Amino acid sequence: MSDEPLDSSLTRCTDLEGYYAGKTILLTGASGYVASGLRRALETIDCQVVCLSRKRLPADKARKAELRSVQVDIAVGKQCPEGMAEIDSVFHLAAQTSGKVADDDPIRDHQVNVRLLLNLLESCMKSEASQVIVFVRTATQVGLSEDLPVKEAFHDEPITVYDVH
C-alpha cells in the first residue's frame, strides 16, 4: 500500500484560496478545537461555510466568507440539513474524543462516532452531488506505533474502544 493519499492533488494544492473560492463547505464539529482553527482560515476566503455543531456558535464577523451556523446533533439519527446538493467539500471533524467516555459507554460512543459518519455519508449520497470529504481521525486507531509520524498506509491495530470507533 502506498503512502500517497487517494487524491494527492488536494494535498499538494498550495493555492487554498483559489481552490475554495466560490465553493460551499460543510464543517462538522464546528465548535471543536481543530474545526475552530479551520473555520478561522476559511473566513479569509470568498466562500460559504456551513458550520454544524451541537453547541451554539458565537457570531463571528467573517471577513470574506459567508458563515451559516446550524445547531444540530447529527449523531442521534438526524440527517444533515437540507441543501447537501449545494455542498462542494465536507470537513468531518465532529466526534466524541474521550477514551474514558468510550470505555464507560461503548454503545453511545459507537452512536456518536460511527452513526454520525454514516448519517453524513447517507446525506451526501442522497444529494446525488459529488462532494470531496475530508475525514479526520485519531492516530491511535493504528495502536501504539513506534514508527512516527503515523502514515495512511499503516495497518489499523486499535487497542481501545475509542480507537475502534
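This passage describes a central strand, the aromatic residues, the nonpolar cores and one unusual peptide bond in a predicted model.

Strand β1 covers residues 24–28, and five of its five residues are buried, so the strand is largely enclosed by the rest of the structure. In a regular strand, side chains alternate between the two faces of the sheet. The residues of β1 divide in this way: Thr24, Leu26 and Thr28 point to one side, while Ile25 and Leu27 point to the other, and all are buried.

Strand β1 is paired with two other strands. Five bridges connect β1 to β2, which spans residues 48–53, and these two strands run parallel. Within β2, Leu52 is the bridge partner of Thr28. Between β1 and β2 the chain passes through helix α3, residues 33–42, and this β-α-β crossover is right-handed. Strand β4, residues 89–92, is joined to β1 by four bridges, and this pair is also parallel. Here the bridge partner of Thr28 is His92 of β4. Thr28 therefore has a bridge partner in β2 and another in β4, and Thr28 belongs to a strand with five of five residues buried, so largely enclosed.

Two aromatic pairs were found. In the pair formed by Tyr19 and Tyr20, the ring centres are 4.8 Å apart and the planes meet at 90°; the pair is edge-to-face because this angle is over 60 degrees. The two tyrosines differ in exposure: Tyr19 is partly exposed, at 21% relative accessibility, whereas Tyr20 is buried, with a relative accessible area of 10%. The rings of Tyr20 and Phe91 form a pair with centres 6.0 Å apart and planes at 50°, and are therefore classed as tilted. This pair links distant parts of the chain, since Tyr20 lies in helix α2 (residues 16–20) and Phe91 in strand β4, 71 residues apart. Phe91 has a relative accessible area of 11% and so counts as buried. Tyr19, Tyr20 and Phe91 make up one aromatic cluster. In addition, Lys23 lies over the face of Tyr19, at 3.9 Å from the ring centre.

In soluble globular proteins, nonpolar side chains tend to be buried together. The largest nonpolar core in the model contains 15 residues, and Leu27, Val49 and Phe91 have the most contacts inside it. At least two residues of this core come from each of β1, α3 and β2. Helix α3 supplies the largest share, three residues. Leu27, one of the residues of β1, touches residues that include Ala35, Leu38, Val49, Leu52 and Phe91, when residues up to four places away in sequence are not counted. Phe91 thus appears both in the aromatic cluster and among the residues with the most contacts inside the largest core. A second, separate core has nine residues, among them Val70, Met84, Val90 and Leu120.

The last feature concerns the backbone. Most peptide bonds are trans. The bond from Leu148 to Pro149, however, is cis, with omega near 0°. Pro149 is located in the loop between β5 (132–135) and α6 (161–164).

Notes. Residues numbered from 1 in each chain as written. Predicted model: local features only at pLDDT ≥ 70, side-chain atom pairs only at ≥ 80, totals over all residues. Heavy atoms only, no water. Buried < 20%, exposed > 50% of the residue type's maximum accessible area, 1.4 Å probe, protein only. Pairing = 2+ DSSP bridges. Right-handed = clockwise from strand over helix to strand, strands pointing away. Phe/Tyr/Trp six-rings, centres within 6.5 Å; stacked < 30°, edge-to-face > 60°. Lys NZ or Arg CZ within 6 Å of the ring centre and 35° of its normal. Core = buried A, V, L, I, M, F, W, Y, C linked by side-chain atoms within 4.5 Å. Contact = heavy atoms within 4.5 Å.
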